[in-house]
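Biologist: I'd love a close look at one small part of this model, residue by residue. Could you pick a spot and walk me through its surroundings?

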Amino acid sequence: MLKEEAISKWGNYKESQRKPVDFDKFWDKAKLEVDTLGTEYQLEKIFLPSKQVDCFLLTFTGIGGSKISCQMICPKKCMKPLPALLQFHGYHSSSGDWSDKIGLASEGMIVFAMDVRGQGGISEDGSSTKYATLRGHLIRGIEEGAENLFYRSIFQDVYQLTKIVMTMPEVDSRKIVSYGVSQGGALALVCAALMPSVSKVFVQYPFLSDYREAYRLDVNQSAYEELAYWFRQRDPRHQREEEIFSTLDYIDIQYLVPRIEGEIYWAMALDDSICHPKTQFAVINQAKTIQEILFYPEYGHEYLPQYQDFIREKLFEREVIL
């Protein structure tokens, strides 16, 4: 009943369609900036007791000279190129424990988990920003124009990691999968959008979409509360409202997802006030490769049971892993 109601209300919702006219050129330029950095990386062996996997800290130098760190967990004695999963974490958080990734790695998959620069992990951020930086990364750089948005650099880091992974001799570049929850869900979609050869995307209630509507939907109880903070402190009469939202359009994932060629599998909590379902439908309705949406009517922005098992089933079908 609630699923049908959500589809009836938002099944054709595509926001107001304010994609910047130079949006594709903007991201092609951002990718070119990363391409000039090459695909060099360093690996450091990390001790973790396991009979099944080896662990490495992978680091590379990203945009602005920032050192980006990623966990790499792979089966012991890898004898052939293997599928890879790129995993991205939630807002303010980190890649978490190494042990969380052993399950898939022990089945024959190499797992990479990137610490987003400047958040809870060990990736470094060497950028400098004028004006407000308090309360969140969404508003960081917003007064300096789209090319200085902090999330532009984060999206570039995602693209750079994906490029590196695809050059590694241990990885089967035809079998790259991305996965994430909330902010991580958005980055999983960005990964496949900026590198269309990514074959599958598993996403759970993604952040970073439909900013105007997110602002209208009880913004102070959502992941977008820093927008209200910015207006209160920097533009209390909203004289720059259109300028600000037009800048954010450049990092709105709804305008990136049409680039995705791989299969997309989506989990949505219908009682989610943090990343409202309506903002998710804005993305879903512009993606071309949605395979399945799993609805959770009584759940909010929280753990969604059975989704991890669903991911495993999809990874193993048609011998994706083995």
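Modeller: Happy to! Let's start at Thr279, which, leaving out residues up to four places away in sequence, touches Ser209, Asp210, Ala214 and Leu217. Please keep in mind that this is a predicted model. Thr279 itself sits in helix α9, which covers residues 277-284. Its relative accessible area is 1%, and because buried means under 20%, Thr279 counts as buried. There is also a polar detail here: the side chain of Thr279 reaches the backbone oxygen of His276 at 2.7 Å.

Now let's cross over to one of those partners, Ser209. Ser209 belongs to the loop that runs between β7 (200-204) and α6 (211-216). Although Ser209 is in a loop, Ser209 is buried, with a relative accessible area of 0%. Setting aside neighbours within four places in sequence, the contacts of Ser209 include Thr279, Gln280 and Val283. Ser209 is also in contact with Ala214, Tyr224, Asp252 and Ile253. Ala214 is worth a second glance, as Ser209 contacts Ala214 and Thr279 touches Ala214 too.

For some wider context, let's turn to the nonpolar cores. The largest has 88 residues, and Phe112, Leu138, Phe155 and Leu189 touch the most other members. Apart from that core lies another, of 25 residues, with Met109, Val111, Ala267 and Tyr307 among them. As for Phe112, its contacts beyond four places in sequence include Leu58, Met72, Leu85, Val165 and Val171. Gln71 and Gln87 are also among the residues that Phe112 touches.

How values were computed
Residues numbered from 1 in each chain as written. Predicted model: local features only at pLDDT ≥ 70, side-chain atom pairs only at ≥ 80, totals over all residues. Heavy atoms only, no water. Helix = DSSP H or I, 4+ residues; strand = E, 2+ residues; numbered from the N terminus. Buried < 20%, exposed > 50% of the residue type's maximum accessible area, 1.4 Å probe, protein only. Contact = heavy atoms within 4.5 Å. Core = buried A, V, L, I, M, F, W, Y, C linked by side-chain atoms within 4.5 Å. Polar contact = N/O pair within 3.5 Å; in protein donor to acceptor, adjacent residues only side chain to side chain.
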